[in-house]
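Biologist: Could you show me how to read a ligand site? I am new to this one.

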Amino acid sequence: MKHLKNYYYPSSIEEALSLLTKESTEIIAGGSHLITAKSQSTNNLVDISRIGLNYIKKEDEIVRIGSTTTITDILESPITKEIGNGILTKACQLIADTPLRNVITLGGNIARRYPWAGLPVVLLVLDAEIVIKEQGGKSQTITASQLFESRKVRKDEIITEVIFPVKHGWFCRYEKFALTTVDYSWLTMAFSTKIEDGMIIDPHIAVSRIIKAKRIEEVEKFLKGKTISTLDLDEAVSKLKQAVNIISDYRSSKEYREHLLGVLFERMLKELKKEVEQ
Ligand SMILES: Cc1cc2nc3c(=O)[nH]c(=O)nc-3n(C[C@H](O)[C@H](O)[C@H](O)COP(=O)(O)OP(=O)(O)OC[C@H]3O[C@@H](n4cnc5c(N)ncnc54)[C@H](O)[C@@H]3O)c2cc1C
């Protein structure tokens with residue numbers, strides 16, 4: 001950060017928001033991306049680690065996690081293990097390595113739509129909501145789909161909290177394909193559904209890395225109302241491959257990614273069948 005002049009440590013959300021009105025200013029949370037980012041133009045950093053956003057609270061069937069809570073804190077909390085039958089903790093376990101998980105924050109993982117980020121697909125399949133504090137102190141609560149598909153977080157706004165429904169009894173799965181445990185993801189996906197009388201009631205499928213993180217509504221519609229024991233897995237997998245407009249990059253071809261997508265989705269559906277048959 002060649003042009004960095006000031007590093008601020010506000011002690012409240014209001015103070016942080018007022019500092020963010022200065023030109024060429026950016027929030028720093030865990031700092032894991034900012035430190036490696038190529039853009040060096042930032043003059044001022046506003047460190048939000050001391051503004052009271054490090055918490056995990058359960059209220060009835062909802063868990064509220066403050067945005068500066070680290071991935072390690074999420075992993076170590078008994079409360080978060082309940083969310084989506086452990087899907088949030090599984091995704092957190094697969095983020096980078098221990099030293100990085102000690103600094104990476106929930107808010108930092110979702111604020112800028114990094115293609116390799118593990119948590120966006122989890123928020124999407126859990127119907128999580130994101131609370132954003134704007135200038136003037138007004139709060140806006142938006143859905144994960146809005147955050148990842150249509151609304152950017154401006155540099156003068158702060159994500160303060162993520163609200164997770166616990167989704168007791170739901171079938172939830174998360175998969176990240178990478179060459180090693182600390183490698184960036186090649187494909188990330190998550191699947192959740194409510195099950196009633198052996199039937200898929202409310203399917204949510206989200207894919208990222210091979211596309212921008214989003215839900216695949218076409219396949220959700222196809223699965224909705226299907227009886228799991230008679231579900232044609234090949235048909236479901238081929239619907240997903242058709243619905244996702246995969247992009248290639250230097251790491252792997254479109255064909256390889258399409259194959260991976262099919263393998264991971266089939267694995268999830270087989271586990272769903274197994275769970276229902278037990
Ligand atoms: C080697 C390496 C491997 C990694 N591997 C993975 C991986 O496998 N999976 C994975 O998911 N992630 C991985 N990451 C982490 C990921 O790439 C980002 O670095 C991380 O999510 C950023 O979180 P942070 O808290 O460090 O944010 P920072 O680096 O502090 O900030 C990132 C951006 O988000 C903004 N921001 C942060 N918090 C907020 C907030 N509350 N409100 C508004 N804006 C905010 C900042 O202004 C900045 O623009 C890896 C990182 C590294 C360095």
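Modeller: Happily! The shell around the ligand takes at least three residues from each of domain 1 (6-47) and domain 2 (56-165), with domain bounds from an automatic or database domain assignment. This is a predicted model, where local features need pLDDT of at least 70, side-chain atom pairs count only at pLDDT 80 or more, and totals for chains, interfaces and linings use all residues. Residues are numbered from 1 along each chain as its sequence is written, and side-chain values use heavy atoms, with hydrogens and water left out.

Biologist: Which residues come nearest to the ligand?

Modeller: A residue is near a molecule if one of its heavy atoms lies within 4 Å of it. Here 31 residues surround the ligand, and Glu26, Ile27, Ser32, Thr105 and Trp116 come nearest.

Biologist: Which polar side-chain atom lies 3.0 Å from an oxygen atom of the ligand?

Modeller: A polar contact is a pair of N or O atoms within 3.5 Å. That side-chain atom belongs to Asn109. From the backbone, an N or O atom of His33 lies 2.8 Å from a ligand oxygen, and one of Ala96 lies 3.3 Å from a ligand oxygen.

Biologist: How much of the ligand does the protein bury?

Modeller: Accessible areas come from the Shrake-Rupley method with a 1.4 Å probe. The ligand alone exposes 970 Å², and the protein buries 94% of that.

Terms used
Polar contact = N/O pair within 3.5 Å; in protein donor to acceptor, adjacent residues only side chain to side chain.
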